[in-house]
Amino acid sequence: MKNILCFGDSLTWGYEANTEKRIAPDKRWTGVLANTLGSEYHIIEDGLNGRTVCNDDCMFGNKNGVKHLEVALECHKPLDLVIVLLGINDLKQRFALTATDVAYGLYHLVTKIQSFPFVVYDCPEILVICPPEVGTGVFDAPFGEMFSFSAIEKSKKLPSVLESLMEMAGCHYMKAGDFC
(Lines give C-alpha, C1' and ligand atoms only; values in the text may rest on other atoms or scores of the structure.)
Protein backbone atom coordinates (compact mmCIF):
# COMPACT_ATOMS: atom_id res chain seq x y z
CA MET A 1 0.00 0.00 0.00
CA LYS A 2 1.26 3.49 -0.87
CA ASN A 3 1.08 6.14 1.87
CA ILE A 4 0.29 9.70 0.80
CA LEU A 5 0.41 12.53 3.34
CA CYS A 6 -1.72 15.54 2.39
CA PHE A 7 -0.32 18.44 4.40
CA GLY A 8 -2.30 21.66 4.18
CA ASP A 9 -4.66 24.25 5.57
CA SER A 10 -8.45 24.59 5.54
CA LEU A 11 -8.60 23.44 1.91
CA THR A 12 -7.20 20.09 3.07
CA TRP A 13 -9.23 20.06 6.30
CA GLY A 14 -12.40 20.58 4.28
CA TYR A 15 -13.62 23.95 5.56
CA GLU A 16 -16.83 25.19 4.00
CA ALA A 17 -16.95 29.00 4.18
CA ASN A 18 -20.75 29.29 3.92
CA THR A 19 -21.46 27.10 6.95
CA GLU A 20 -18.06 27.12 8.70
CA LYS A 21 -18.49 23.34 9.01
CA ARG A 22 -16.42 20.52 7.58
CA ILE A 23 -17.19 19.08 4.18
CA ALA A 24 -18.07 15.36 4.20
CA PRO A 25 -14.98 13.13 3.90
CA ASP A 26 -15.87 11.82 0.44
CA LYS A 27 -16.42 15.38 -0.88
CA ARG A 28 -13.08 16.83 0.30
CA TRP A 29 -10.29 16.82 -2.27
CA THR A 30 -8.48 14.24 -0.17
CA GLY A 31 -11.56 11.99 -0.20
CA VAL A 32 -11.97 12.38 -3.94
CA LEU A 33 -8.28 11.47 -4.31
CA ALA A 34 -8.73 8.38 -2.11
CA ASN A 35 -11.79 7.23 -4.05
CA THR A 36 -10.04 7.82 -7.37
CA LEU A 37 -6.85 5.98 -6.44
CA GLY A 38 -8.54 3.08 -4.70
CA SER A 39 -7.57 0.69 -1.93
CA GLU A 40 -3.90 0.45 -2.95
CA TYR A 41 -3.37 3.94 -1.48
CA HIS A 42 -3.69 5.25 2.06
CA ILE A 43 -4.52 8.97 2.06
CA ILE A 44 -3.53 10.74 5.28
CA GLU A 45 -5.25 14.10 5.86
CA ASP A 46 -3.25 16.60 7.86
CA GLY A 47 -5.20 19.79 7.32
CA LEU A 48 -5.41 22.63 9.82
CA ASN A 49 -7.59 25.70 9.38
CA GLY A 50 -5.45 28.82 9.21
CA ARG A 51 -2.17 26.93 8.75
CA THR A 52 0.54 29.08 7.21
CA VAL A 53 3.63 27.94 5.36
CA CYS A 54 6.12 29.13 7.96
CA ASN A 55 4.65 32.06 9.86
CA ASP A 56 3.55 32.22 13.47
CA ASP A 57 0.05 33.66 13.79
CA CYS A 58 -0.20 35.86 16.87
CA MET A 59 -4.01 35.86 16.64
CA PHE A 60 -4.76 32.16 16.22
CA GLY A 61 -1.92 30.33 17.90
CA ASN A 62 0.18 27.51 16.59
CA LYS A 63 -0.49 27.49 12.83
CA ASN A 64 3.08 27.42 11.50
CA GLY A 65 3.40 24.66 8.91
CA VAL A 66 7.17 24.27 9.19
CA LYS A 67 6.80 23.72 12.94
CA HIS A 68 4.08 21.07 12.40
CA LEU A 69 5.83 19.35 9.54
CA GLU A 70 8.40 17.25 11.41
CA VAL A 71 5.75 15.80 13.73
CA ALA A 72 3.55 14.90 10.75
CA LEU A 73 6.45 13.25 8.92
CA GLU A 74 7.47 11.29 12.02
CA CYS A 75 3.91 10.20 12.84
CA HIS A 76 3.01 8.97 9.39
CA LYS A 77 6.18 7.40 8.02
CA PRO A 78 6.79 5.47 5.89
CA LEU A 79 5.56 7.83 3.19
CA ASP A 80 5.65 7.46 -0.55
CA LEU A 81 4.39 10.95 -1.36
CA VAL A 82 3.87 14.20 0.53
CA ILE A 83 1.40 16.60 -1.05
CA VAL A 84 1.70 20.17 0.23
CA LEU A 85 -1.17 22.60 -0.34
CA LEU A 86 -0.41 25.81 1.57
CA GLY A 87 0.02 29.52 0.94
CA ILE A 88 -3.34 31.28 1.05
CA ASN A 89 -3.22 32.10 4.78
CA ASP A 90 0.20 33.68 4.30
CA LEU A 91 -1.51 36.32 2.13
CA LYS A 92 -3.45 37.72 5.09
CA GLN A 93 -2.82 41.43 5.68
CA ARG A 94 -1.10 40.97 9.03
CA PHE A 95 1.78 38.99 7.49
CA ALA A 96 2.48 41.61 4.78
CA LEU A 97 4.19 39.05 2.53
CA THR A 98 4.75 39.12 -1.20
CA ALA A 99 4.06 36.20 -3.53
CA THR A 100 7.83 35.67 -3.66
CA ASP A 101 8.00 35.51 0.15
CA VAL A 102 5.32 32.81 0.21
CA ALA A 103 7.03 30.85 -2.58
CA TYR A 104 10.37 30.90 -0.74
CA GLY A 105 8.57 29.76 2.41
CA LEU A 106 7.28 26.76 0.48
CA TYR A 107 10.77 26.14 -0.89
CA HIS A 108 12.04 26.11 2.71
CA LEU A 109 9.30 23.68 3.71
CA VAL A 110 10.21 21.35 0.81
CA THR A 111 13.87 21.36 1.83
CA LYS A 112 12.77 20.41 5.37
CA ILE A 113 11.05 17.33 3.95
CA GLN A 114 14.09 16.49 1.81
CA SER A 115 16.45 16.75 4.78
CA PHE A 116 14.21 14.96 7.30
CA PRO A 117 15.87 11.88 8.85
CA PHE A 118 13.56 9.12 7.61
CA VAL A 119 16.17 6.67 9.00
CA VAL A 120 15.31 3.25 7.48
CA TYR A 121 12.84 4.71 4.95
CA ASP A 122 13.47 6.61 1.75
CA CYS A 123 12.54 10.26 1.40
CA PRO A 124 9.10 10.44 -0.21
CA GLU A 125 8.32 12.15 -3.48
CA ILE A 126 6.97 15.67 -2.97
CA LEU A 127 4.15 17.39 -4.81
CA VAL A 128 3.52 21.06 -4.11
CA ILE A 129 0.12 22.28 -5.21
CA CYS A 130 -0.15 26.01 -5.69
CA PRO A 131 -3.44 27.08 -4.09
CA PRO A 132 -6.19 28.53 -6.27
CA GLU A 133 -6.30 32.28 -6.75
CA VAL A 134 -8.05 34.33 -4.11
CA GLY A 135 -11.32 35.58 -5.49
CA THR A 136 -13.43 38.54 -4.42
CA GLY A 137 -15.80 36.07 -2.71
CA VAL A 138 -13.26 35.73 0.10
CA PHE A 139 -14.38 39.11 1.40
CA ASP A 140 -17.91 37.73 1.98
CA ALA A 141 -16.62 34.89 4.15
CA PRO A 142 -16.51 35.19 7.96
CA PHE A 143 -12.73 35.64 7.80
CA GLY A 144 -12.78 38.00 4.81
CA GLU A 145 -11.54 41.07 6.67
CA MET A 146 -8.24 39.31 7.32
CA PHE A 147 -7.39 39.70 3.63
CA SER A 148 -6.91 42.84 1.58
CA PHE A 149 -7.45 43.31 -2.14
CA SER A 150 -3.70 42.88 -2.60
CA ALA A 151 -4.18 39.18 -1.73
CA ILE A 152 -5.97 38.75 -5.06
CA GLU A 153 -3.01 40.12 -7.03
CA LYS A 154 -0.45 38.28 -4.93
CA SER A 155 -2.28 34.97 -5.43
CA LYS A 156 -2.18 35.55 -9.21
CA LYS A 157 1.61 36.04 -9.07
CA LEU A 158 2.29 33.03 -6.83
CA PRO A 159 2.10 30.25 -9.48
CA SER A 160 4.88 31.57 -11.72
CA VAL A 161 7.27 32.26 -8.84
CA LEU A 162 6.48 28.97 -7.14
CA GLU A 163 6.84 26.84 -10.25
CA SER A 164 10.45 27.86 -10.86
CA LEU A 165 11.41 27.34 -7.21
CA MET A 166 9.81 23.89 -7.09
CA GLU A 167 11.68 22.92 -10.24
CA MET A 168 14.88 24.07 -8.56
CA ALA A 169 13.97 21.98 -5.49
CA GLY A 170 13.44 18.92 -7.67
CA CYS A 171 9.87 18.27 -6.63
CA HIS A 172 6.60 17.90 -8.49
CA TYR A 173 4.35 20.92 -8.97
CA MET A 174 0.82 21.69 -10.09
CA LYS A 175 -1.60 24.59 -9.97
CA ALA A 176 -4.93 23.92 -8.26
CA GLY A 177 -6.37 26.74 -10.39
CA ASP A 178 -5.99 24.53 -13.46
CA PHE A 179 -8.55 22.14 -11.98
CA CYS A 180 -10.93 24.28 -9.95
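What span should the 20 residues of helix α5 have at 1.5 Å a residue, and how far apart are its end C-alpha atoms? Helix α5 covers residues 150–169 in this predicted model. The expected span is 28 Å, and the end C-alpha atoms are 28 Å apart, so expectation and model agree.

That agreement in length does not exclude a bend. Helix α5 has a kink of about 35° at Leu-158, shortly before the proline Pro-159. Both Leu-158 and Pro-159 belong to the buried residues of the helix, together with Ala-151, Ile-152, Ser-155, Leu-162, Leu-165, Met-166 and Ala-169. An α-helix has 3.6 residues a turn, so residues three or four places apart point the same way. The cover over the buried residues of α5 includes helix α4 (99–115) and the strands β6 (125–130) and β7 (172–175). At the start of the helix, Ser-150 counts as partly exposed, because its relative accessibility is 32%. Ser-150 is 59 residues from Leu-91 in sequence, yet the two C-alpha atoms are 8.4 Å apart in space. Just after the helix, Gly-170 adopts a positive phi of about 75°.

The packing of α5 against α4 can be described further. The axes of these two helices come within 8 Å and cross at roughly 30°, and the crossing is right-handed. On the α4 side, the residues making the contact include Ala-99, Val-102, Leu-106 and Val-110. On the α5 side they include Leu-158, Val-161, Leu-162 and Leu-165, and also Lys-154 and Lys-157.

The interior comes next. In soluble globular proteins, nonpolar side chains tend to be buried together. Here the largest nonpolar core has 38 residues, and Leu-73 and Leu-109 have the most contacts inside it. Two or more residues of this core come from each of β1 (2–8), α3 (65–76), β5 (81–85), α4, β6 and α5. Beyond its neighbours within four places in sequence, Leu-73 is in contact with Leu-5, Leu-79, Val-82, Ile-113, Phe-116 and Phe-118. Another core, of nine residues, lies apart from the largest one; Ile-4, Ile-43, Leu-127 and Ala-176 are among its members.

Strand β6 offers a view of one buried position, Ile-129. Ile-129 is classed as buried because its relative accessible area is 8%, where the cut-off is under 20%. With residues up to four places away in sequence left out, Ile-129 touches Ile-83, Val-84, Leu-85, Leu-86, Met-174 and Ala-176. Glu-40, by contrast, is 22 Å from Ile-129 between C-alpha atoms, at a sequence separation of 89 residues.

Some backbone features in the loops remain. Most residues other than glycine have a negative phi, and most peptide bonds are trans. Glu-20, although not a glycine, has a positive phi of about 65°. Glu-20 sits in the loop between β2 (15–16) and β3 (21–22) and counts as partly exposed because its relative accessibility is 47%. Ala-96, also not a glycine, has a positive phi of about 50°. Its loop joins β5 and α4, and Ala-96 is exposed because its relative accessible area is 59%. Finally, the peptide bond from Lys-77 to Pro-78 is cis, with omega near 5°, and Pro-78 is placed in the loop between α3 and β5.

Definitions and conventions:
Residues numbered from 1 in each chain as written. Predicted model: local features only at pLDDT ≥ 70, side-chain atom pairs only at ≥ 80, totals over all residues. Heavy atoms only, no water. Helix = DSSP H or I, 4+ residues; strand = E, 2+ residues; numbered from the N terminus. Expected span 1.5 Å × (residues − 1). Bend = angle between axes of the 7 residues up to and from the residue. Buried < 20%, exposed > 50% of the residue type's maximum accessible area, 1.4 Å probe, protein only. Contact = heavy atoms within 4.5 Å. Core = buried A, V, L, I, M, F, W, Y, C linked by side-chain atoms within 4.5 Å. Axes fitted to C-alpha atoms, helices over the stretch in contact; angles between N-to-C directions. Left-handed = near helix turned anticlockwise from the far one by under 90°.
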